[in-house]
Amino acid sequence: PPKISPRTTLDISLKFLETMRVQLRSDAICTLCLVVALFTMLYSQLGHTSHREEKVEGQKKTPAATHRASRVPAIFQKESNVQTQASEPRVILPMKDAKLESQEDQVTNPAPLTRSTFDFRLYLRNKDNRKFNLLINQPKKCMRSSERPFLLIAIKSLVEEFDHREIVRKTWGREGLVNGMQVQRVFLLGIPKNKTALPTWETLVHQESQLYRDILLWDFLDTFFNLTLKEIHFLSWADEFCSRTKFIFKGDADVFVNMENIVNFLESCNPSEDLFVGDIIYNAQPIRVRKSKYYIPETMYGLGMYPAYAGGGGFLLSISTLKKLAQACTQVELFPIDDVFLGMCLQRINLKPISHEGFKTFGIPKPSAAPNLQTFDPCFYKDLMVVHGLKIAEIWLMWNLLHNPRLSCTQNKQIRKAFRWKRKTKDAAKNYAA
Ligand SMILES: *[C@@H]1O[C@H](CO)[C@@H](O)[C@H](O)[C@H]1NC(C)=O
Ligand SMILES: *[C@@H]1O[C@H](CO)[C@@H](O)[C@H](O)[C@H]1NC(C)=O
């Protein structure tokens, strides 16, 4: 305890200074701690601690009900297709309950992560290079008939996927009349990335072009991240060479399309009005997990949510909308996920895409109540428009089952053919008698 003396004041001020120093030191420590904490946060945000980061992401996603309810994981789309293809049973009904379940699957098993070498900086540097030559054209695609074509089918395909093109040509992608409406078809191709896998690719596409007149080939490498180039080149091609058509269906080659339903639907639409219909994904969030195939860094897309966009498996648009989109997309910066890119173009022209129940671009989920059920029922496909994730043989089979004139589905039978159904039982009774 300090004595009372003349030096007291000095003593007191010394003491004061000392406590100040202590305080300052603890302040400095606090600041240091905060800085460290901040850096740790930044570090993990940037995904350096990728393992932990993924866990966090996973936990975040499962309870993000808004996320799922508004059916986000289109970003997982390609991967989940692989999944659907691998597990062959594709099943009928309890659709509505099943939907959530499957999306949970998509979210909780984010599939094999394949991306490793996508160079964002290179992409950003090259993204003004967005005009490539058309190497094979079909300038008369929409000119041949005197009447305007009703529908143009445009199908994304890889040169190597000859078998997909063949089956589409033979089934739902046939040219000619559907319900009395003229339908035309083109395949959208780029240069194969691995030319040694199919050294004859050039001869093949020229031969296909000569025989079927349905090949469009552009001079860019046909990679996943170049699909956006395919999108913009197709839009400007259709604007230039096929503006006589009334509607356009754009989709993948591994889908099943019920073209009769599509045409029926479109018959009530006006080609000179806006129309954009598909499996629309709302409120999808960019994936910030580095290892994901769909990883998009903040530097490339800073917002927390993508605009509404259509699953790329298949969607419909009017020629009027196509013209607007072709123009709008020239002003949107290239973005490596093509579905989202088109959503950005839609947003630019302030056009709200319409979601339609008939578009199942994530495939048909297995009902959770009967995960082992294996059915392949054409009666279910009768009411759909687009189903993603079918194998080639399944596309062929479904198309043939659906076009069998003897196909009758119980529901319809009960409503429309009750009389015949009765007679059948009579026949059966007769058989018994005999
Ligand atoms: C290209 O395809 C060939 C034959 O399928 C394969 O052996 C080769 O590894 C592939 N190259 C690349 C870079 O993928
Ligand atoms: C897209 O195609 C161009 C032209 O062929 C090529 O240089 C580029 O590497 C491709 N980009 C990607 C991301 O594959």
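**Close-up views of the predicted model**

In strand β9, the residue that forms the bridge partner of G278 is F315. This pairing belongs to a predicted model, and the legends below take up the strands around it, then the core, the helix α12, two loop residues, a second sheet, a ligand shell and the segments of low confidence.

**View 1. Strand β8 is paired with β9 in one sense and with β10 in the other.** Strand β8, residues 276-281, is joined to strand β9, residues 309-318, by 5 bridges, and the two run antiparallel. Besides the bridge between G278 and F315, this pairing includes one between I281 and Y309 of β9. With strand β10, residues 354-355, β8 pairs in the parallel sense over 2 bridges, and here V277 has I354 as its bridge partner. Strand β8 is mostly covered, since 6 of its 6 residues are buried.

**View 2. Strand β9 also pairs with β6.** Strand β6, residues 247-252, is joined to β9 by 5 bridges, and these strands run antiparallel; one of the bridges sets F249 opposite L316 of β9. Strand β9 is mostly covered, with 10 of its 10 residues buried.

**View 3. The largest nonpolar core contains 77 residues.** Within this core, L151, L216, A238, I248, F256 and L316 touch the most other members, and the largest share, 7 residues, is contributed by helix α9, residues 227-241. When residues up to four places away in sequence are left out, A238 touches L152, I248 and L322. L316, named among the core residues with the most contacts to other members, is also the residue of β9 that forms a bridge with F249. In soluble globular proteins, nonpolar side chains tend to be buried together.

**View 4. Helix α12 is largely enclosed by the rest of the structure.** Why is α12 described as largely enclosed? The description follows because 9 of the 11 residues of α12 are buried. The buried residues are D338, D339, V340, F341, L342, G343, M344, C345 and L346, a list in which two aspartates stand beside nonpolar residues such as V340, F341 and L342. What covers these buried residues includes helix α9, strands β8 and β9, and helix α11, residues 319-329. Just after α12, N350 takes a positive phi of about 60 degrees.

**View 5. Two asparagines in loops, N283 and N350, have positive phi values.** Most residues other than glycine have a negative phi. N283 lies in the loop between β8 and β9 and has a phi near 55 degrees, while N350 lies in the loop between α12 and β10 and has a phi near 60 degrees. Are these residues buried or exposed? N283 counts as partly exposed because it has 16 C-beta neighbours inside 10 Å, whereas N350 is exposed, with 9 other C-beta atoms within 10 Å. The cut-offs behind these two assignments are 12 or fewer such atoms for an exposed residue and 20 or more for a buried one.

**View 6. An open sheet of 3 strands has the order β7-β12-β11.** The pairing in this sheet is mixed, and its edge strands are β7, residues 255-257, and β11, residues 359-360, each of which pairs on one side only. Strand β11 is joined to strand β12, residues 386-388, by 2 bridges, and the two run parallel; in β12, V387 is the bridge partner of K360.

**View 7. The shell around ligand 2 has no charged residues.** The residues around ligand 2 are Y123, F220, L221, T223, F225 and N226. Of these, 4 are nonpolar and 2 are polar.

**View 8. Two segments have pLDDT values below 50.** Over residues 369-374 the pLDDT stays under 50, and the model has 6 contacts for this segment beyond four places in sequence. Over residues 412-434 the pLDDT is likewise below 50, and this stretch has 4 contacts in the model beyond near neighbours in sequence. For the protein as a whole the mean pLDDT is 75, and 65% of its residues reach 70 or more.

**View 9. The whole protein gives the setting for the close-up views.** Its secondary structure comes to 16 helices and 12 strands, and 34% of its 434 residues are buried. Among contacts between residues at least 6 apart in sequence, 85% join residues at least 24 apart.

Key. Residues numbered from 1 in each chain as written. Chains lettered and ligands numbered in written order. Predicted model: local features only at pLDDT ≥ 70, side-chain atom pairs only at ≥ 80, totals over all residues. Helix = DSSP H or I, 4+ residues; strand = E, 2+ residues; numbered from the N terminus. Contact = placed C-beta atoms within 7 Å. pLDDT = per-residue confidence, 0-100. Core = buried A, V, L, I, M, F, W, Y, C linked by C-beta atoms within 7 Å. Near = placed C-beta within 6 Å. Pairing = 2+ DSSP bridges.
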